[in-house]
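Visitor: I'm new here and I like to know the reasons behind the labels. Could you walk me through a few of them?

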Amino acid sequence: MLEREHLVVVGNGMAGINTVENILKLAPNKYKITIFGAEPYPNYNRIQLSYVLEKSKAIEDIILNDWQWYKDNGIALHTGATVMRIDLAHKQVVTDSGVQTGFDKLILATGSRPFRLNVPGSDKQGIVGFRDIDDCERMVRAADVYRKAAVIGGGLLGLEAAKGLLKLGMDVTVVHLFEELMERQLDRTASLMLQAELEGQGLKFAMGKKTTAFLGDERVSGLQFNDGTTLEAEFVVMAAGIVPNAELAKASGLEVNRGIVVDDFMRTSVSDIYAVGECNEHRGVSYGLVAPLFEQGGVLAKHLCSVETKPYEGTVVSTQLKISGIDVFSAGEFMDAPDLAIVRMHDEWRRIYKKILLRGGRIVGGVLIGDGKESTRLQQWIRTGTVMTDAIHGALMGAVEAASGNTVADIADEEIVCGCNGVTKKRIVDVIQEQGFTTVEEIKMSTGASRSCGGCRPVVEQILKHVLGDKYDSAAAKKEGICACTTLSKDEVVRNIKEKGLITSKEVRYALGWENEEGCSKCRPALNYYLGMIWPSEHVDERDARFVNERMHANIQKDGTFGVIPRMYGGVTTPEDLRLIADVAVKYKVKLVKVTGGQRLDLLGIKREDVPKVWEELGMPSGYAYAKALRTVKTCVGSQFCRFGTKDSIDMGVRLEKKFERLDMPAKFKMAVNGCPRNCAESATKDLGIVGNEGAWEIYVGGNGGIKARLADLLCKVKTDDEVMGIVGAFIQYYRETAKYLERTSDWLERTGLENVIATVVDNAEKREELNARIDLALEQVKEPWRDILDNRKLKEQLFEEIKVPAHHE
């Protein structure tokens, strides 16, 4: 047997590892593979760093290939190792620690680094880039100490960094050289809409400003602009672009312009050395987006495996903003021109802007603001130069759904469907045909398609339907196992629990043939919830199955301390309670008292052993800020005080909160009550929102103000307070019984259908009474958790005195 060639990859990022993944699929035994990565992590999804920064995801959530993947594929991975030199004569790479490794083939995937302004003071402390996990961690640490931040750069990366810092509590100003944000992807109308939206969320902007110096002594204290004005800033993020990381190649004698020069097969100027991703320059272009990097990797992998392939000829790039509450997409051409026909829709009330550009009747570009549900298909139409039709026009402009027709069939095999993970249409088709897949979940687990942002899921399902044809079963296609321990869906698990009378998680796992008898971190809390929902009187809560915050009944912070939030029903408190909270905060040296978005006070920085003492001395119920349960009922002052108020929103909010607090739900649940349609309590973005209007109550459901923002839908309109309580109780119980664990109402409502919910909760009085009877039974079992632990000495010692709590977030 011939000895395998040695392939060395310098760079453990998305471009390099995607290339390796393709090689392993094409010729798993062709190469012995060694990978050097400068960071101390396995391969992670760099485009989701903004989620880590804003703390909606942990580092482990964005890992694409864990340590075991390298081991399973026989890859020698060296993390924390920087390659300093390529010895061309001996075909070796040399690391910063002196390790020398020979190669037959070498791939440079060294990525890029943030562009740093070459102005006086740019080397001061407190000035960072935004490129990797270490940058995220420095930004998080800075937010704990400093208040005023400046982000230089109004492009994609800068806006993601700015929104992340804003969510960390900083006062953030975006400094941009141009008058429009994202000027390389958006026209003026779209840019101004984006800026207005971000300003509404709290960001500030210094537009048309050129930074000429950084002020301060050792540490930055501000920015000096070319017009003579200044901006105070204790922390600065440079996000004004990227520079290919080509120093290693240049020092080793390879041809380098802006990036490492490569041909259409990613070959550099030196034989057997290749460059892929942000570090290279192809036909004069260096790409900074993920889709081109994966397309390059696909071509390179086939070339290295001697598989016939078309050359890489460049990419039509697209941009999608990945920050909570903003829906922005741009691809292809975006500026008006004499030879282009423009299809445009601008709805200022709904804050939606759509612009499609046509050349010769074919789609060559588009911009979507506020409504990006067709972004994946629009990107495909741009790439393939699809001719505009009435059906496509209707789908994009909101009139009708586009006929599926040949949309999927027209996508070329090598087109990337999942830009986050570089999965082509052909790869999806192959796994469906070769492995007999019938669900999107199976495709996701095998290929990675849709596992990151999820935006490509509709196209993946269309491909599945196209390949299976008459064998496609829409119900089966949507079935998903609740975790890797079982192939059973949520509905199957719930049905078996009821039919078999299973009372504990252990019984469920044994009776239903769990692959992992102990379960996993995904199914243990889910089973605990389903059992409690089905058997509220019989099931004993399995505390060890809950996430750490729910076990401790407080929010663990990154330094191991806790945040405690007492209940303030409807956001209402008294001077006496405020004085009590202040006294307790002083006594236990609370680091920060924060007013939450739900009109409550968060006491942050409490030591673990002091948490029960704080509960005891406050003497107030838990605010459930940590739980998969009712978090808050936000209210306006309503008719009690407001001259516009038509209904008593405070009284209704307090009544709702007192009834439904402490009840376990599939996911966190937020409510709001407005006394008039002016929406001061933000009912339109809550799981359940109630609005007083013309002497009646309007009930809205399925809103979400988080990463996947969604406006609530009108469920019904009722006249009396008792009718509100009946509808709300039935709605919550129907959600509890039919939602998957961790599924927010916004996703559940889209999956279940508003019409179905109305038919069950509003139109069917008998079912509504049955749902209310079941929720009332469940409510009879709930206890005040803080008091429950205080009265249980053994449990209190176990949780707060003996066991060390790991410093991580659920």
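Guide: Here is a short chat about charged pairs, buried residues and cysteines in this predicted model.

Visitor: What makes Glu278 and Arg131 a salt bridge?

Guide: The cut-off is a Lys or Arg side-chain nitrogen within 4 Å of an Asp or Glu carboxyl oxygen. For Glu278 and Arg131 the N to O distance is 2.6 Å, so the pair fits the rule. By that rule the count comes to 47 salt bridges.

Visitor: Why can we say that the pair Glu278 and Arg131 ties together parts of the chain?

Guide: Glu278 lies in the loop between β21 (273–275) and β22 (280–282), while Arg131 lies in the loop between β11 (127–129) and α4 (133–145), so the parts being tied together are 147 residues apart in sequence.

Visitor: Why does Glu278 count as buried?

Guide: Its relative accessibility is 11%, and buried means under 20%, so Glu278 gets that label. Arg131 also comes out at 11% relative accessibility, so Arg131 counts as buried.

Visitor: What about Arg359 and Glu333: which label do they get, buried or partly exposed?

Guide: Arg359 is at 33% relative accessibility and Glu333 at 30%. Partly exposed covers the range between 20% and 50%, so that is the label for Arg359 and Glu333. Their side chains meet in a salt bridge, at 2.6 Å from N to O. Arg359 sits in strand β26 (residues 352–359) and Glu333 in the loop between β24 (328–332) and β25 (341–347), 26 residues apart.

Visitor: How do you know that Asp371 and Lys354 form a salt bridge?

Guide: Their closest N and O atoms are 2.9 Å apart, and the limit is 4 Å, so the pair qualifies. Asp371 is in the loop between β27 (362–369) and α9 (375–384) and Lys354 is in strand β26, so this pair ties together parts 17 residues apart in sequence. Both Asp371 and Lys354 are buried.

Visitor: Now the cysteines. Why is there no bond between Cys485 and Cys520?

Guide: The sulfur of Cys485 is 3.8 Å from the one in Cys520, its closest cysteine sulfur. A disulfide needs the sulfur atoms within 2.5 Å, so this pair doesn't make it. Cys485 itself, at 5% relative accessibility, counts as buried.

Visitor: And how do you know that Cys523 is in no disulfide?

Guide: The nearest cysteine sulfur, that of Cys483, is 3.8 Å away, and the cut-off is 2.5 Å, so Cys523 is left without a disulfide. Cys523 is at 0% relative accessibility, so it counts as buried. In the end, the structure holds zero disulfides.

Conventions:
Residues are numbered from 1 along each chain as its sequence is written. This is a predicted model: local features need pLDDT of at least 70, side-chain atom pairs count only at pLDDT 80 or more; totals for chains, interfaces and linings use all residues. Side-chain values use heavy atoms; hydrogens and water are left out. Helices (H or I, at least four residues) and strands (E, at least two) are DSSP runs, numbered from the N terminus. Buried means under 20% relative accessible area, exposed over 50%, partly exposed in between (1.4 Å probe, protein chains only).
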